[in-house]
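Trainee: Could you take me slowly through a single part of this model, and show me how that part sits within the rest of the chain?

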Amino acid sequence: MTRSHRVLLGVGMMLTAGQTVLIAFYCFLLAPLFAGGLGPEDEVSSSGDYLVVCAMAFGAFAVVTNVWSCRGMVRALKNGISTGRTLPAACAVQVPVVACAVVVGWLTAAIAAAALLLLLLVCQGLDRRTFR
C-alpha cells in the first residue's frame with residue numbers, strides 16, 4: 001500500500017465517519033422533529049409520518065453500513081490489507097445520499113457526498129491495483 005493510498009484512505013475514512021454523524025443527526029433528530037409540525041420560523045411542515053419512517057430506515061441503513069465500512073478501512077490502514085467489500089459498501093451508501101440531497105434541494109450535501117463518492121472510487125481503484 002503506497003503512502004498516497006494510505007493518505008487517501010485515511011481521509012476517506014474520516015470523511016465517512018463525519019458523514020455518519022451528520023446522517024444520524026439528520027435522520028434521527030431533525031427529521032422527526034420537523035415532521036411533527038415544527039419548522040424554521042414556525043412554519044407548519046406538510047410531511048407525514050411515513051417520511052419520518054423512511055428517513056429513520058435510511059438513516060439506520062446508512063449508519064450501520066458506514067460504521068462497518070470505517071471498521072474495514074481502519075483494519076486496512078492498520079494491517080496493510082485490502083479493503084475488499086467495505087469500499088464498495090461505502091460507495092453504495094453515497095449514491096442514495098446524493099440522490100436524496102438532490103431531491104430535497106440540499107446542494108451542499110449533494111456536492112459533499114459526490115466528492116466523497118469520487119474519493120472512495122479513487123481509493124477502490126488504488127486498492128484493486130495494489131492487491132490484484
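Mentor: What follows looks at one aromatic pair and its surroundings, and then at the helix that comes after it.

This is a predicted model, and its secondary structure comes to 4 helices and 0 strands, which run α-α-α-α from the N terminus on. The C-alpha trace spans about 55 × 25 × 20 Å along its principal axes, and 35% of the 132 residues count as buried.

The structure holds 1 aromatic pair. Its partners are Tyr-26 and Trp-106, whose ring centres lie 5.7 Å apart and whose planes meet at 45°, so the pair is classed as tilted. This pair links distant parts of the chain, since Tyr-26 belongs to helix H1 (residues 3-35) while Trp-106 lies in the loop between helix H3 (86-104) and helix H4 (107-130), 80 residues apart.

Are the two partners buried or exposed? Tyr-26 has a relative accessible area of 32% and is therefore partly exposed, and Trp-106, at 46%, also counts as partly exposed, because that class covers values between 20% and 50%. Both residues also contribute to a nonpolar surface patch of about 440 Å², which they make together with Val-103 and Val-104. Of these, Val-103 is placed in helix H3, and with a relative accessible area of 72% Val-103 is exposed.

Beyond the loop that holds Trp-106 comes helix H4, which has 24 residues and reaches 34 Å from its first C-alpha to its last, close to the 34 Å expected at 1.5 Å a residue. The buried residues of H4 include Ala-113, Leu-116, Leu-117, Leu-120, Cys-123, Gln-124 and Asp-127. An α-helix has 3.6 residues a turn, so residues three or four places apart point the same way. The buried residues of H4 pack against H1, helix H2 (49-79) and H3.

One further pair of positions relates H1 and H4: Val-11, which is in helix H1, and Leu-119, which is among the buried residues of H4, have C-alpha atoms separated by 8.7 Å although they are 108 residues apart along the chain. Val-11 is itself partly exposed, with a relative accessible area of 35%.

For the protein overall, residues 24 or more positions apart account for 71% of the contacts with a separation of 6 or more. The accessible surface comes to about 8,000 Å², and 70% of that surface belongs to carbon and sulfur atoms.

How values were computed
Residues are numbered from 1 along each chain as its sequence is written. This is a predicted model: local features need pLDDT of at least 70, side-chain atom pairs count only at pLDDT 80 or more; totals for chains, interfaces and linings use all residues. Side-chain values use heavy atoms; hydrogens and water are left out. Rings of Phe, Tyr and Trp (its six-membered ring) pair if their centres lie within 6.5 Å; planes under 30 degrees apart count as stacked, over 60 as edge-to-face and the rest as tilted. Helices (H or I, at least four residues) and strands (E, at least two) are DSSP runs, numbered from the N terminus. Buried means under 20% relative accessible area, exposed over 50%, partly exposed in between (1.4 Å probe, protein chains only). Patches are made of residues with over 30% relative accessible area and no salt bridge: like charges are joined within 9 Å, nonpolar side chains (Val, Leu, Ile, Met, Phe, Trp, Tyr) within 5 Å. Accessible areas come from the Shrake-Rupley method with a 1.4 Å probe; for residues, only the protein chains shown count as cover. A salt bridge is a side-chain nitrogen of Lys or Arg within 4 Å of a carboxyl oxygen of Asp or Glu. The expected span of a helix is 1.5 Å times one less than its number of residues. Contact means heavy atoms within 4.5 Å.
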